[in-house]
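Open the structure in your viewer and keep the selection tool at hand. We will make two stops, and at each one you can select what is named and look at what lies around it.

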Amino acid sequence: MKPEEELLLFRDFQRLRSCKHDDEKVSTATSREQQKTEISIEKCFDRFEAQLFTHPRLSQFFRLEHQHYLDTMLRRLPPNYECLDSSRPWCIYWILQAAQLLSFNFDDKTQDQVVQFLTKCRAPTGGFGGGPGQYAHLAPTYAAVNSLCIIGTEEAYRAIDRPTLVQFLFSVREADGSFRLHVDGETDVRGAYCAISCAKVVNLPDPVLRELFAGTGDWIAGCQTYEGGFGGAPDLEAHGGYTFCGIAGLALLNEADKCDKQALLKWTLRRQMRYEGGFQGRTNKLVDGCYSFWVGATIPITQATLSADDKEMDHALFDVEALQEYILLCCQKQNGGLIDKPGKPQDLYHTCYTLSGVSIAQHSESASRPQVLGDTINELLPTHPLFNIPPKSVAAARSHFDKCNDMEFAGSDST
């Protein structure tokens, strides 16, 4: 693609300046932080315009650098990741998912080592802990199950151990259908989503699903706020991450009609920032690269639940080019890894969810004709918007476990 043709795909940054925040001469801490963020992003836009023809890679993903970053991090985490000792399956998941999106596959030996490590994280009570010997917790269970499904080998599937996983899921279920993140732990919509996602991707039998998630859809729907998004629990503020968990959980249960989908769609679309192009996670908050997925995926999920009634829902409703522009120009580190916003350090969490958001933007309208900003090298592989792992991994896992249902759950309508 010629540079002059590529440039036409990016927004007119000079005209965009009229979209910057106007504090109406009332300066607050919030408005000052917003203006500070816009200044840092404007520098990225200016650098792109000044150097595009001398440094064409500025409009491309730094694939090799990102792959090297992910490979290095999987083999040895730096000391500053010590605080995530109880989130080690999450680190693995973020790495494997980001690598898949970039078409980067780890060798068989490395994948076998990952499976062996995650097996050590499996708790005797079922589910997975944040590391070997740690208590089972729904969040690392979700991360471990997703990671093992991405790897997709017989050894990986065996490491999941569905009968004890079901025992764990029932042990954290409340009578109203909500889920605690661990035994005696807090209850919020993340727990419900993680439980539903794990149960669905490993294809638990319908009788088990009906008992396990009786009342869960109603509880999740009760987390929707007057704004239209979902809070972590009933009566809490709407938040992008919780909103994804809410609508994805309802969609997986085929109970999306229990929430106000039109209000949800309106709230979600308002989270895209006019100047930055990326998404914020809450009203009056700053742009953050991770919401490229949490909010970006919520939009096509919600559209899909509305599409039967409205054919206009077949088209992308958010600015997919502006979102990709924000990630490409403002969220990449030249030595690998992606970030929240300019001035922040790279980390695995934002590397995973910024790339996942770009994949959603590219593939949400048509799998056969992805909407790719800039060079064709920027095209990422698709991700499943409900599970955030490759669609082929979802299909393979569900097919594998479907064959195991009669043997593992024979003669029992429930646990």
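Begin with helix α10, whose buried residues pack against α7 (138-151), α9 (162-171), α11 (206-212), α12 (216-221), α13 (240-252) and α18 (391-402); helices here are DSSP runs of H or I with at least four residues, numbered from the N terminus, and buried means under 20% relative accessible area with a 1.4 Å probe, protein chains only. This is a predicted model, in which local features need pLDDT of at least 70 and side-chain atom pairs count only at pLDDT 80 or more, while totals for chains, interfaces and linings use all residues. Residues are numbered from 1 along each chain as its sequence is written, and side-chain values use heavy atoms, with hydrogens and water left out.

Select residues 189-201 to show α10, in which 11 of the 13 residues are buried, among them Y193, C194 and I196. Just after α10, select N203, which takes a positive phi of about 55°.

Next, select Q332, in the loop between α16 (320-330) and α17 (348-363). Is Q332 buried or exposed? Q332 is buried, with a relative accessible area of 11%. Now add Q60, which lies 272 residues from Q332 along the chain, although their C-alpha atoms are separated by 9.8 Å. Finally, show the side chains of Q332 and H66, which are joined by a polar contact of 2.8 Å, that is, a pair of N or O atoms within 3.5 Å, where within protein one must be able to donate a hydrogen and the other to accept it, and residues adjacent in sequence count only if both atoms are side-chain atoms. The side chain of Q332 also reaches the backbone oxygen of L328 at 3.0 Å.

Terms used
Helix = DSSP H or I, 4+ residues; strand = E, 2+ residues; numbered from the N terminus. Buried < 20%, exposed > 50% of the residue type's maximum accessible area, 1.4 Å probe, protein only. Contact = heavy atoms within 4.5 Å.
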